[in-house]
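Please open the model in a viewer and follow the stops below in order. Each stop proposes a selection and states what is found there.

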Amino acid sequence: MADTRPTLLIVEDDEGLQAQLKWAYDDFEVVIAGNREAALAALRAEAPPVVTLDLGLPPDPDGTSEGFAVLEAIMAMKPDTKVIVASGHGARESALRAIEQGAYDFYQKPVDIDTLGLIVQRAYRLHQIESENRRLADKVGEDRTVLGSMITAAPEMGKVARTIERVAPTNVSVMLLGASGTGKELLAKGLHQASDRRSGAFIAINCAAIPENLLESELFGHEKGAFTGAVKTTEGKIELADGGTLFLDEVGDIPLPLQVKLLRFLQERTIERIGGRKPIAVDTRIVCATHQDLEAMIGEGTFREDLYYRLAEIVVKVPTLSERPGDAVLLAKHFLARFSAEMNPHVKGFAPDALSAIDNWGWPGNVRELENRVKRAVIMADGKLVGAEDLDLLDTGDDGADLALNLKTAREQADRRMIRQALARTEGNISNTAKLLGISRPTLYDLLKQYDLQA
């Protein structure tokens, strides 16, 4: 029968102490390593939750350099491992340095088997709790995704997702209206994946980012020799998206002459490349987005009304991040987990002042601003927790929003917002949410039912 005991890696070069420790801990499957190479090999092979590490290892048995090198390697490879450092060399200085480098605890030699055993058991229990929390957090993240990849717990965004899921199987043109950074392209990708065209290409083009004289070629392609520099025939984005979806971001920036050609494509479903004479049939679904007021542009004569109605068969308004209570914290935790794994594994989460600042910030740049701030904070953070100062969010005062004059309505709105924010911070844990709000669990359940909120 396979050994189901957790693994304990003991990094120790004293053979007598090796034997003593190996037989002292029956609750663990003990693996012994006597030097750096053996320790790191065991770490890769066994992935032990707990490691005891003697700092005095060969080739520096009377110093600490080799032991600290092993600690640094463990923290880089497996930052969740609980490392208990043992040493008799400069105990205070070594202890401070070890904890600073990520060790769980420090134990001064000579070793007392029973005391060290208690530290090992405590470290293992903590590792179990953290692993379970990560598992639950991942599950919460899965439960709070819509359209495959968009993270949200806000009813406002859930409504948007349900609309997109309904129209996805059809061939109607969809227009996404919303401020920059609200995730319009992510929604467009979700629509494509939920449609019957998912096996085709999803092609995105930002109409504002391409010079006016090049945009026509980008959309419709060109024949060889059509203009100076056209050394070969090139397919445009519309043609490349044949059988799939073309996402036109910032569609309000398309110049009027090109709007006519786009309208002709939407009516006839054929295109002509620049310099071409033969119409080419293309089966491409158009999804577009803009932050501009297209109806006002129609009144000004800068956007064609007939094109608008061709593009806007279904209009979906995307809420800003400030209109999605609780989502800022959910997204911040998602971004922190991703960026810490890529750039700074020592960062484990947010300090309380950071969570409060994230809740209270207006997020004028929406999700893009949040992502950038979290990325910068993870890179620059000195400790394990990202603080409000790391996010550059120390000023979180009143944003001057109008106060509701109806006291009952104002209280209900405040209750809903606070409950959503608390659920986001605790990742849906009812007990922790009630504790954070300063109310009992039954009271919280009553409020959830009263306001039709889901935990």
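Which residue in strand 5 is the bridge partner of valine 85? Select phenylalanine 106, which is that partner. The model is predicted, with local features requiring pLDDT of at least 70 and side-chain atom pairs pLDDT 80 or more, while totals for chains, interfaces and linings use all residues. Residues are numbered from 1 along each chain as its sequence is written, and side-chain values use heavy atoms, without hydrogens or water.

**The sheet**

Extend the selection to strand 4 (residues 82-87) and strand 5, which pair in the parallel sense over four bridges. Strands and helices here are DSSP runs numbered from the N terminus (E, at least two residues; H or I, at least four), and two strands pair if DSSP finds at least two bridges between them. Next, display the open sheet of five parallel strands, ordered 2-1-3-4-5. Strand 2 (29-33) and strand 5 (105-108) each have a single partner strand, so one side of each lacks a neighbour in the sheet.

Add helix 3 (residues 65-77), which packs on the sheet and touches strand 3 (50-54) and strand 4; contact means heavy atoms within 4.5 Å. The direction of helix 3 makes about 160° with that of strand 3, where axes are lines fitted to C-alpha atoms, for helices over the stretch in contact, and angles run from 0 to 180 degrees between N-to-C directions.

**Salt bridges**

Select glutamate 12 and lysine 109, a salt bridge whose closest N and O atoms are 3.1 Å apart. The criterion is a side-chain nitrogen of Lys or Arg within 4 Å of a carboxyl oxygen of Asp or Glu. The two residues lie 97 residues apart in the chain. Glutamate 12 is buried at 4% relative accessibility, whereas lysine 109 is partly exposed at 25% (buried is under 20% relative accessible area, exposed over 50%, partly exposed in between, with a 1.4 Å probe and protein chains only). Adding Asp54 shows a network of salt bridges that links Glu12, Asp54 and Lys109.

**Aromatic rings**

Move to phenylalanine 335 and phenylalanine 339, both in helix 13 (residues 327-343) and four residues apart. Their rings are stacked, at 6.2 Å centre to centre and 20° between the planes. Rings of Phe, Tyr and Trp (its six-membered ring) pair if their centres lie within 6.5 Å; planes under 30 degrees apart count as stacked, over 60 as edge-to-face and the rest as tilted. Both phenylalanine 335 and phenylalanine 339 are buried.
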